[in-house]
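Good morning, and thank you for coming. I should like to take you through one structure, beginning with the confidence of the model and ending with a single residue.

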There are 2 protein chains.
Amino acid sequence: MKAIVITRPGPPDVLALRELPDPVPGPGELLVAVHATAVNRADLLQRRGLYPAPPGSPAEIPGLEFAGEVLGGALAGSGFSPGDRVMGILGGGGYAERLAVPAGQCLPVPERLSWAEAAAVPETFLTAFDALVLQAGLAPGETALITAAGSGVGTAAAQVAREAGARAIGTLRTAAKRERVATLDLGFAALLDAGAPDLAAQLAAAAGPRGVDVVLDLVGAASWPLALDALAPRGRIVAVGTMSGARIELDLGALMRRRATLVGTVLRSRPAAEKASLTRAFAGRMLPALAAGRLRAVVDRVLPLAEAAAAHALLEGNDTLGKVVLEVAGREGPRPGPATG
Amino acid sequence: MKAIVITRPGPPDVLALRELPDPVPGPGELLVAVHATAVNRADLLQRRGLYPAPPGSPAEIPGLEFAGEVLGGALAGSGFSPGDRVMGILGGGGYAERLAVPAGQCLPVPERLSWAEAAAVPETFLTAFDALVLQAGLAPGETALITAAGSGVGTAAAQVAREAGARAIGTLRTAAKRERVATLDLGFAALLDAGAPDLAAQLAAAAGPRGVDVVLDLVGAASWPLALDALAPRGRIVAVGTMSGARIELDLGALMRRRATLVGTVLRSRPAAEKASLTRAFAGRMLPALAAGRLRAVVDRVLPLAEAAAAHALLEGNDTLGKVVLEVAGREGPRPGPATG
């Protein structure tokens, strides 16, 4: 098979399309023909040599999510058959024509989603669902602040919050992106300028007197101390990204007075059993909304897998809105419909 | 009744014994004849004007816990009768001969406890139980790090951890105190010098390769970054005190890699319903161990209520080991036995 390989740590052009042996599915794993994958910020760090693949994942092929069709593997009891359209999260190996993935990490792809749309779903929506619903326990009537509202996870999080009966407030630095996000009807009750000098006051006005119940922080250092200052009593902050830096000054007294919780989370390094459990929870609570079109992945653009380097450069330029998807040559198409076994 | 009053913000000698009207129990409240109360660090802050009493509590009478006998009030359905020995946490008002307290915040005092011992139980044990068991979910076989191991909460926390089937490691700055704590058989598997230059290495050796699962931090700034560096994957840090300062530098990336949780907590400001729920949970899980003598409050010394100023000065001197208790004149005695209604 062909796959994108990190030939050495470095800038985007260290990514190269190579011929590699097909993966061999292990116990409980399915073999999948990849139609599309998508780029995540973790891939950029991995490419630069700063975030090695977790044990059990291909060391040199990046790619944390996929959409494709089942070819074979441990089908018995998996609920899947050859030809089924599936999508899911991975520890790595998504930038390839074929991959092996634990069956428990596979979700059926709803009929209405194209391959590119499906490939843009797993990391964004599972991250947002896990952070907001499972970890922060976002409840109906609560308010969630979502930083980096124009990122893949940000655009998914607003929709997950709406689906959970909660209200989302987004922050976003670029005016043009803010306007584009506003037109997408993702469920943001307010979209604020992350760089505004009076952001705290704007946020207080948008959140109401209690403050925000949950912060999904994709930004890191630049979100502080705002994230804590804006928090309601018993509020929860979930730290998912550190794009602007990871070191913050934290006032433990302010945390205690609010009886607040700060939780750090990553998906990539989780054991397969935990990924399967998250996948199941998402399938039960969110897949119907995805099938009905109430949740949809925001795709910035779609490139051929061979242009992974260009896709990385795009994400590093911070000018994308939603996901950058990579399609496998010969398997493209806006809406391929159910595949045949 | 007589009560200790904060006459103005300031040093210990602003505390004065005054004659005040008896409190009038409201709906759901019991009237209690106080036999003993105990001093908490929050009282010192309140005396200095830095931590005003929460709404609904006496503004000028400190005192967050008590042991005494039921005189009357909303007895119906409370499970208590006049003359019953009770103890519990308060929003304030404990430094007095009488107080009114929601019945749900009252615990029966086990037979074997003197009034002074009982008065030393509520804040320390409910704080430790809430932090370790309810908030951090300390599980059998896990390891808890307890900073300020010689404080009232620290000495209670080691015993609560043991009762929960977990292992406790304590840190403590003063060598003499460390030796005294070691002789008390509170359940510390290791007692380390909080000021040792190689504390991190000592802690790693004591905790084992996984690290500590839970940190109960009573110290604040001086516990960082150790508290996070020592943490096992999915570890939990509960911030309960900030004696050494509240501002820390936190590495969000380290928090994320461990998928760790940091939660800030206070008891004093919680609504009565939450205090009642905590009291119930403690009664179910820990009261039998207290009655059996497996849990016991460490009392540094007992002073008359009129000497509250001296008691505050003692606590401010940081040389106490366990609790400083205040006894009401005429109601002292090492083991008064059941009172008569």
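Let me begin with confidence. What you see is a predicted model. Chain A has an average pLDDT of 95, and 97% of its residues score at least 70. For the model, ipTM is 0.92 and pTM is 0.92. One stretch of chain A calls for caution: over residues 335-341 the pLDDT stays under 50. The model has 17 contacts for that stretch beyond four places in sequence, and I shall not interpret them here.

I turn now to the two chains. In general, two copies of a chain are related by a rotation about an axis and a shift along it. What turn and what shift lay chain B on chain A? The turn is 180°, the shift along the axis is 0.0 Å, and the resulting RMSD is 0.0 Å. That is the relation of a two-fold axis.

Next, the surface through which the chains meet. Chain A and chain B each bring 29 residues to the contact. Of the interface residues of chain B, 100% are interface residues in chain A as well, so the copies meet through the same surface. The size of an interface is often given as the accessible area lost when the parts come together. Here the two chains bury about 2,500 Å² between them, and 58% of this lies on carbon and sulfur atoms. Which three residues of chain B supply more of its buried area against chain A than any other three? They are Leu252(B), Met256(B) and Arg259(B), with 28% of that area.

Let us now look inside chain A. Its domain assignment gives domain 1, made of 2-121 + 270-327, and domain 2, made of 126-264. Taken over C-alpha atoms, the centres of these domains of chain A are separated by 26 Å. The contact between them involves 23 residues of domain 1 of chain A and 21 residues of domain 2 of chain A. Together these domains of chain A bury about 1,900 Å², with 63% of it on carbon and sulfur atoms. On the side of domain 1 of chain A, Met286(A), Arg296(A) and Leu321(A) supply 29% of the area buried against domain 2, more than any other three residues.

A helix of chain B comes next. In helix H6 of chain B, residues 199-207, the buried residues are Leu199(B), Leu203(B), Ala206(B) and Ala207(B). How are these buried residues placed around the axis of H6(B)? They fall within an arc of 90° when seen down the axis, so they line one face of the helix. There is a general rule to recall here: an α-helix has 3.6 residues a turn, so residues three or four places apart point the same way. Against what do the buried residues of H6(B) pack? Their partners in chain B are strand S8 (143-146), strand S9 (167-172), strand S10 (188-193), strand S11 (212-217) and helix H7 (226-229). After H6(B) comes Gly208(B), with a positive phi near 90°.

Some details of the backbone also deserve attention. The peptide bond from Trp224(A) to Pro225(A) is cis, with omega near 5°. Pro225(A) belongs to the loop between strand S11 and helix H7 of chain A. In chain B, a cis peptide bond joins Trp224(B) and Pro225(B), with omega about 5°.

Chain A also offers two residues other than glycine with a positive phi. For Ala148(A), phi is near 55°, and the residue is found in the loop between strand S8 and helix H4 of chain A. For Asp185(A), phi is near 55°, and this residue lies in the loop between helix H5 and strand S10 of chain A. Is each of them buried or exposed? Ala148(A) is buried, with a relative accessible area of 12%, whereas Asp185(A) is exposed, at 55%.

I close with Ile248(B), which lies in strand S13 of chain B, residues 247-251. Ile248(B) has a relative accessible area of 4%; residues under 20% count as buried, so this one is buried. Leaving aside residues up to four places away in sequence, what does Ile248(B) touch? In chain A it touches Ile248(A), Glu249(A), Leu250(A) and Leu252(A), and in chain B it touches Ala221(B) and Trp224(B). By way of contrast, Glu69(B) is 179 residues from Ile248(B) in sequence and 43 Å from it in space, C-alpha to C-alpha.

How values were computed
Residues numbered from 1 in each chain as written. Chains lettered and ligands numbered in written order. Predicted model: local features only at pLDDT ≥ 70, side-chain atom pairs only at ≥ 80, totals over all residues. Heavy atoms only, no water. Least-squares fit on C-alpha atoms with pLDDT ≥ 70 in both. Contact = heavy atoms within 4.5 Å. pLDDT = per-residue confidence, 0-100. Buried < 20%, exposed > 50% of the residue type's maximum accessible area, 1.4 Å probe, protein only. Helix = DSSP H or I, 4+ residues; strand = E, 2+ residues; numbered from the N terminus. Arc of directions from axis to C-beta. Domains from an automatic or database assignment. Buried area = accessible area lost by both parts, 1.4 Å probe.
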